[in-house]
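Take a look at the chain below. This report walks through a few parts of it, one at a time.

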Amino acid sequence: MFESEHPVNRRGTIAIPKNCNLEAKDKDERKSNDEVDDGYDSEEEKLEKGRVALSYVQNMLKKNTGGRRTSIDLDAMPKIEDFNAGDDSIEYKTPSEYKSFPTMKKVPWYEENDTTACDHVPLLMDYLKAHRIVEEFGLVACKMACSFELHEVNEWEINHVMIFFGKLELDVDIADRYRRVFRNVDGCGMALLQMYGFEDMIEIGLDKPHAVVIYGIIQAWKGKFPIFNKPRLPKGVSRPYVPDYCALRRADEVAADNGHGSIYGQLCILGYKEYLATESPVQLKPKGKRNAKFLLARREYPNGIRKDSVFSSNKKMERNVNATHSVTMRVKNHAARCEEEETKVVVTEYVPDLAQDFFQMGRLKVQQNDFVVRGPLTENENGQYCGPISRYAARIVCNRLPPFECYVCAAGFDNKSDIFLSDVAPKWRRDGDDEFDAVTTFGLRIWQPSRKEWVEVSVNGHMHEIRPSDGICGPRIQEGNVRLEHGSIIDLSGVQFIFQDANHMAKYGNPSPEMYTKFYGIFNDLNLQCPVQLQTVRYNPSKTKELIGMKSGKEIGKIGAGGKIFHNDLDDLDTEADETMRKTYNDPLAGEREMATAGVFGCGHIVTYNVEMVEGCDKCPMCRHESDLKILNIAYEPSIHAIDPPTHVFTVCGCAASLECVQFWSGLKVPHNPHPCFVDNPICPFCATSLVQPFFTKLLVDGAKN
């Protein structure tokens, strides 16, 4: 093809310039003044324009080809199909032309003239016999089932689908009719795999016998009709993963109809999600509200990813066109289990996976982080806030197919959809594996009810023993990713989460007004008498929440990458459960919202809480036990096992719960408490206060009238 200096119009021909020296350029001027122009060219004018255009093109050919070509070979011109034309304009092709399409050459593992191919797929033969079409399509259907893999069909376009129809030896008119069905479909192979049954194919225009055959072949590709005597893949080679589109579509419909699978679970923070720390004296001031929750809900459009390829080089390379995310590691020769002598870059590329949703959390309030968790923050001399939690700290991967399992991985993707790990982070490579794994600087730990011990999670989501030192990762414990069980606790460098699965949420997540009334009414029905103010002690949930909020304050505003606060106007919004509690709980003796609520001493004695009593009151007025007056906090939090009415209280903070709840949390040592002075120490699940001996005591209700 030659390059022309003139533009090309929509029909693909060269646009003739207006100032071109043509013989008929003054033709309009020679028209008679009394001649009426109806807007259409006469036959003579059309012929004249055709001759002029042909002469112009020939001159251009001669000029741009050095005189080698002066004419156009119309027979050598490519045939362009007009998709907008009617059925009569379609140029029909024979099935043999479809079979010989050059982009789909494939040598099957069986012989082409093998008449025993039906023995490889017996269930497919039984399926075709049941529909009484085995004699017509039995042999060719089995050959097609054995010829292609599921991941190959997933990449098919219209030309590949037409080759497939041609190999089925369909008639010419039928094959072209099917071409008109699929020609405007993006990803024709994917569309075939998404069909529920042959009825769906009939609805889009396929004849029933052909729909039955094609659907049977698809079932063989998916493994529903096993293929026997098929050669195994070489060692170390795995078949590309292709999701079950029918199962995904069915799961989406079920989630939309009855909600099953629409919620994967939720993460509840133990205490607060951010703190301001001071160095002298060392203190932590919580910010925001307690036990904030992050909902893991089914996304409208999946954003999951899966590993695709791993490569290494001496410099950072561009990402593959099909990859959307990547993990980049700089590996030095002193890295654990690494034998290379020079620094290199190892890149693991990820491609989209429609069968997964993934969520991300970190310190920065940016689009990449679904949940913002800052943890303990300290302010340096420049007024910048920093903390141990990374800007992109962790990922939660949720499966969109039953049983909707969730997994956790360390580190998160930045604004370039990349996880970059410098040579400081501990890295390693297992024997016989090209892929590197790593742990983050401050690490991600998890406690599972099935293991009852803390383990560390790597960037690739594997489980390891707690690292013995900062520069070395512990040995891998088991294969596979770390699954989030109900009750699993994640430790993220000073902030802890507990995972509540969807089944537990469905049972306890939406408490009714009667449940709230019963939960708080049990305490008020005791009619405890305050020995100090000589009045009945009433527990007021709204007043308790207000007093706790006054002590913690609002959340910190948006913090940029440099640690600067952008604004500080975030409101402490109530959750739906808190609003339900406020509207439905009605105690006739509680009075207005400004009325005082209940308080408790470290010994367990209950009094009416008053701000004036806190100052100078360091002993219980009844038993003279040395302790401060705390706000009695009774909270209904099913995610942290606070379901039953409280009978005991944590001594250092005043949070009350059942005996089973306080025993569990008192016996669980958390690796990194929010307070930097406590390591491997139990914390209160409500406020994350580090517990000290004695961890809890019984609520004393000796003064109860009832």
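The sections below start with the whole chain and then turn to helices, sheets, cysteines and one loop residue.

## The chain as a whole

This is a predicted model. The protein chain holds 17 helices and 32 strands. It has 706 residues, and 45% of them are buried.

Now consider contacts between residues at least 6 apart in sequence. Of these, 65% join residues at least 24 apart.

## Helix H3 and its two sides

Helix H3 covers residues 122-130. Its buried residues are Leu-124, Met-125, Tyr-127 and Leu-128. Looking down the axis of H3, these buried residues fall within an arc of 160°, so they line one face of the helix. On the other side of H3, Lys-129 and Ala-130 are exposed.

What covers the buried residues of H3? The cover includes three helices: H4 (134-147), H9 (198-203) and H10 (208-221).

## The loop after H3

His-131 sits in the loop between H3 and H4. Is His-131 buried or partly exposed? His-131 is partly exposed, because its relative accessible area is 30%, and a residue counts as buried only under 20%.

Leave aside the neighbours within four places in sequence. His-131 then contacts Phe-198 and Val-212. His-131 and Lys-208 are 77 residues apart in sequence, yet their C-alpha atoms are 10.0 Å apart in space. Arg-132, also just after H3, takes a positive phi of about 60°.

## Helix H10

Helix H10 has 14 residues. From its first C-alpha to its last it reaches 20 Å. That is close to the 20 Å expected at 1.5 Å a residue.

How many residues of H10 are buried? The count is 12 of 14, so the helix is mostly covered. Among the buried residues are His-210, Val-212, Val-213, Ile-214, Tyr-215 and Trp-221. Gly-216 and Gln-219 are on that list too. Val-212 is also one of the contacts of His-131. Just after H10, Gly-223 takes a positive phi of about 95°.

## A sheet of five strands

Strands of a sheet pair through backbone hydrogen bonds, either parallel or antiparallel. One open sheet here has 5 strands, in the order E9-E8-E12-E13-E21. Its pairing is mixed. Strand E9 (371-372) and strand E21 (482-483) stand at the edges. Each has a single partner strand, so one side of each is left without a neighbour in the sheet.

Strand E12 (residues 394-399) and strand E13 (residues 406-410) run antiparallel. They are joined by 5 bridges. In E13, Ala-410 is the bridge partner of Ala-394.

## A sheet of four strands

Another open sheet has 4 strands, in the order E27-E29-E28-E32. Its pairing is mixed as well. Which strands stand at the edges? They are E27 (633-634) and E32 (696-698). Each has a single partner strand, so one side of each lacks a neighbour in the sheet.

E27 pairs with strand E29 (residues 655-657) in the parallel sense, over 2 bridges. Ala-656 in E29 is the bridge partner of Ile-634. Helix H17 (residues 659-666) packs on this sheet. H17 touches E28 (648-650), E29 and E32. The direction of H17 makes about 30° with that of E28.

## Cysteines without disulfides

How many disulfides does a search of the whole structure find? The search finds 0. Cys-406 is in no disulfide. Its nearest cysteine sulfur belongs to Cys-398, 3.5 Å away. A disulfide needs two cysteine sulfur atoms within 2.5 Å, so this pair does not count. Cys-406 is buried, with a relative accessible area of 2%.

Cys-684 is in no disulfide either. Its nearest cysteine sulfur, that of Cys-653, is 3.6 Å away. Cys-684 is buried, with a relative accessible area of 0%.

## A buried residue in a loop

Gln-448 lies in the loop between strand E17 (445-447) and strand E18 (454-457). Is Gln-448 buried or exposed? Gln-448 is buried, with a relative accessible area of 5%.

Which residues does Gln-448 touch, not counting those up to four places away in sequence? They are Glu-453, Met-463, Val-482, Arg-483, Glu-485 and Ser-488.

Notes
Residues numbered from 1 in each chain as written. Predicted model: local features only at pLDDT ≥ 70, side-chain atom pairs only at ≥ 80, totals over all residues. Heavy atoms only, no water. Buried < 20%, exposed > 50% of the residue type's maximum accessible area, 1.4 Å probe, protein only. Arc of directions from axis to C-beta. Contact = heavy atoms within 4.5 Å. Expected span 1.5 Å × (residues − 1). Pairing = 2+ DSSP bridges. Axes fitted to C-alpha atoms, helices over the stretch in contact; angles between N-to-C directions.
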